[in-house]
Amino acid sequence: MSIKPTSSQRGKGWGLKAKLTVAMLLVGVVPLVVGLGMAFWQGSREIREVSGESFKALATEAARKLDLLIAEEIAQTARIAGDPTIIRELEQRRDAPRDGRSKSPAAAPTDLEQRWTAGEPAAVNAIMGSPLSALLDEHYAGIHSAPGQLLPHVVRASTKMLFLTDVQGLLVAAMGEKPDFRHDRAPWWQGAFNKAVGRLYIEDIRFNQQVNAYVFTISVPVMDSLRYEVVGVLHRVIDAKEFFAPSTHVIRFGKTGHVMLIDSNGIVVSCPLLPTGVSLSDRNLLPLVTPQQPGWAEAPSDGHGGQAASVIGFAPLPQTSHTTSGSIENASWHTFVWQSSDELFAPIQHLFIWVTVFGSIALALLAGLGFAAAGRIVTPVRELQQAAQSIARGELRTPIQIRTGDELEDLADEFNRMNQQLKAAFAGLTDEVKLKTQEVQVLQQSTDYILDAVPTPILLIDADGVVRYINRAARESFTIRDEPPAPLSNILSLDADAQHRLRQEFRADRNRADSQAGANRIESPRDPLVPTAESRSSVSRSDLHIGTRVYHYQWFRMPARPGQADSIGLVLRDTTDESRLQDQLVQAEKTDSLSVLTAGIGHELNNPLFGIVGLGEAIQEEPSLERVKAYARDIVAHGRRMATIIRDFTGVASREVSNQRLAVSLEDELDRALATIQTAMEMAGITVTKCYAGNVQVLALPDQLRQALMNVITNAVQAMRGSGTLTLSTAQSDHTGTATITDSGPGISKQHLPKIFDPFFTTKGQGEGSGLGLTVARRIIRKFGGDVRIESLEGRGTTCTLTLPILATAAERGPWTPSVSRSEPEPSPLS
């Protein structure tokens, strides 16, 4: 016996313990790393998207507020420029050159301009203390404003200069700081004057030396009283930081999140962190944050000097741009919403740190638990390996002691049980054989008990034809002359012919197990008491007459023990009572057939009999000899018809039908049948309509065909109860001719249609019908190779279709003139 080397014998390598530990670590590490990475990536992406959308909404809202703020200041300035006093004063100054003063803007400086430039107090007071300057101060203070429209204190404080120029760009009135005297060459003045047409002009942010601050200006043209041309310009200088700070600096979120205002050149207009007038540190941000639609972007820097990636929301000031009609020089203003990346992504970073810390602790615990678990698994496995080697050598003396409380302990118990069973298997093999022998004997006894309980006689015959067993039903049913084992002829009392037949079948079945002997076949093992199709349809050869009883027998094969020939079983079923019952059923069917035949004869004879009676009554009152002869001929025809019916029902004509069928005109027979019905029934209120296809020649006997048609027409007339429309039509195809009879009666209900051809079935009252008309008609048509179909028209009548084989095609019969459809009742032969 060869023994496989252990792991220590095969060489050093990774043991099962190390592999289990590493596998547990991998099972823990891989999902942790993948899950942590996916969570960090997904969290960062969601934070970017959520923050970006929030920044976008915040930037849009801030832009809307700043738009409203600038629009309000433009409206305030426009109200000052529309003051009638200012307009009237500037119109007078415009018209002054007509008195001889020069109107050219390039004229030499006047005396007032020189003294203003020199700072002479009288000249300064002449302008700063003029009535127009006082009027500007009053507007600025809100004296001329509507209630509730006073300028806020912050707005008044941010306005550093407010002055008025005339049509030549010369200073007329001023408030605040001291401005220059001449402005006709200034870009803001030329933009607002706009060749005397006038337009609103907003000057982009720039540093103003006079006020020592970054300012932006609003210039509003002063139109004359006719709103035709510009007579002056009202100019307002606003400190950008003081103006926008109350609206932007208050919007803070977190420690670093804020809103700022920049122009399209990247110059800061208002920011809580950056001074006004400085440019963004990264010029590459400008294309990202200055589009004309609100949005957000992931930028490579934050615009405040940091190089870390950040999320920035932005939005333009669309209303300001629309109001000024693009008067800002090469620039537009945009809100800029930003938060430090460290603060923005701090939650996900903290989550990552904590997950990493707890993951490391979990991995350490997993490694320790994996090592311990591997030790608890590997140690019992090694013991089982050694025990298996001992069992293979047959040296296991003591049971395996493993107490792990799991499948390993169950496996150790199975090893111990297997060891004990192997010992018992070799030690008690003889006892096992005896036990199996006893089981076979018990099984054989059980089989005998079962066979004895079966109420059908059963005999088991060996290959030599000797009966080895008969059950209790066989002992009680037959007179057993010899007890088994004995030949079959000694067991059953059979005549010589029956014994010879059974011996031949037995020998044939023994030699050819798969062949058929007579009407019986030896089959594979099955339930011998279940009747088969062969047994139900067997002929008299499968029956045995034992005493006064008749038995149907069946052979079947019984498998034997290996090395022995199969036995053959014989099952005998008592069919005496069954045969008697079958004879009684046959006799009952004959009696029923005779009743149907008798009723049919009576029904078929009634129609011609009624015609004979009617014609006889007509003869009694008819004075014309010719008409009496005609009636007599009809009576003879009816008599011959009755003779034909009697001959048909007695079977004489039925034997000659196939040889006596003639070519009959289907239309002529319909007309004759209708004429006969009209002599026997009242049809004055019934309209007959005919639609014939032509001379349709069918193969039939004229009298019988006419009788079938009369039965169908009679039913149709009776269904209409004296009024209605009877339609007769014919048609033909390549092989058949069709007659269709349709009435306008109430029709046949669906539950009665399946029974319409049953003998004696009728829906009429007592004495109105026998229920045999359609039955006889169908029997006659089927004798000629055709059929009858009934179709109910759902309360609108009934259609009966008779189909018969035709004689020849229309081309072979020659031309035919179809009959014209008639809607009047045909005259009766008695009329």
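How exposed is Glu242, given as relative accessibility? In this predicted model, Glu242 has 32% relative accessibility and counts as partly exposed, because partly exposed covers the range between under 20% and over 50%.

**Figure 1. An overview of the whole predicted model, for orientation before the close-up views.**
The protein contains 26 helices and 26 strands, and buried residues make up 41% of its 831 residues. Among the contacts in the protein with a separation of 6 or more, 62% are accounted for by residues that stand 24 or more positions apart. The structure also holds 20 salt bridges, some of which are taken up in the views that follow.

**Figure 2. The salt bridge between Glu242 and Lys160.**
The side chains of Glu242 and Lys160 meet here, with a distance of 3.3 Å from N to O. The two partners belong to distant parts of the chain, since Lys160 sits in strand 1 (residues 159-166) while Glu242 sits in helix 9 (residues 240-248), and 82 residues separate them. Glu242, at 32% relative accessibility, is the partly exposed residue with which this text opened.

**Figure 3. The salt bridge between Asp224 and Arg94.**
In this pair the closest N and O atoms are 3.6 Å apart. Arg94 is part of helix 3 (residues 84-95), whereas Asp224 lies in the loop between strand 4 (213-223) and strand 5 (230-239), so that the bridge links distant parts of the chain, 130 residues apart. Asp224 has a relative accessibility of 5% and therefore counts as buried, and Arg94 is buried as well, with a relative accessible area of 17%, because the cut-off for buried is under 20%.

**Figure 4. The salt bridge between Glu622 and Arg627, followed by a network of salt bridges elsewhere.**
The side chains of Glu622 and Arg627 meet at a distance of 3.8 Å, taken from N to O. Glu622 has a relative accessible area of 21%, which makes this residue partly exposed, and Arg627, at 33% relative accessibility, also counts as partly exposed. Salt bridges that share partners join Arg94, Asp95, Asp224 and Glu229 into one network.

**Figure 5. The surroundings of Thr165 in strand 1.**
Thr165 has 0% relative accessibility and therefore counts as buried. The side chain of Thr165 is joined to that of Trp189 by a polar contact of 2.9 Å. When neighbours within four places in sequence are left aside, the residues in contact with Thr165 include Leu90, Leu170, Leu171, Val172 and His183. Trp188, Trp189, Val231, Gly232 and Val233 are also among the contacts of Thr165.

**Figure 6. The second largest pocket and the residues that line it.**
About 660 Å³ of space lies in this second largest pocket. The lining is made up of 18 residues, and those nearest the centre of the pocket are Gln444, Leu460, Met558, Pro559 and Ser567. Two or more lining residues are given by each of helix 15 (429-453), strand 12 (458-461) and strand 13 (466-470), and helix 15 supplies the largest share, namely six residues. Sorted by class, the lining of the second largest pocket has 10 nonpolar residues together with four polar and four charged ones.

Terms used: Residues numbered from 1 in each chain as written. Predicted model: local features only at pLDDT ≥ 70, side-chain atom pairs only at ≥ 80, totals over all residues. Heavy atoms only, no water. 1 Å grid on protein atoms, 1.4 Å probe; cavity = no way out; pocket = protein on both sides within 12 Å on 5 of 7 lines; lining within 4 Å. Points joined across faces, edges and corners; volume = space filled by probe spheres on them. Helix = DSSP H or I, 4+ residues; strand = E, 2+ residues; numbered from the N terminus. Nonpolar A, V, L, I, M, F, W, Y, C, P; charged D, E, K, R; others polar. Salt bridge = Lys/Arg side-chain N within 4 Å of Asp/Glu carboxyl O. Buried < 20%, exposed > 50% of the residue type's maximum accessible area, 1.4 Å probe, protein only. Polar contact = N/O pair within 3.5 Å; in protein donor to acceptor, adjacent residues only side chain to side chain. Contact = heavy atoms within 4.5 Å.
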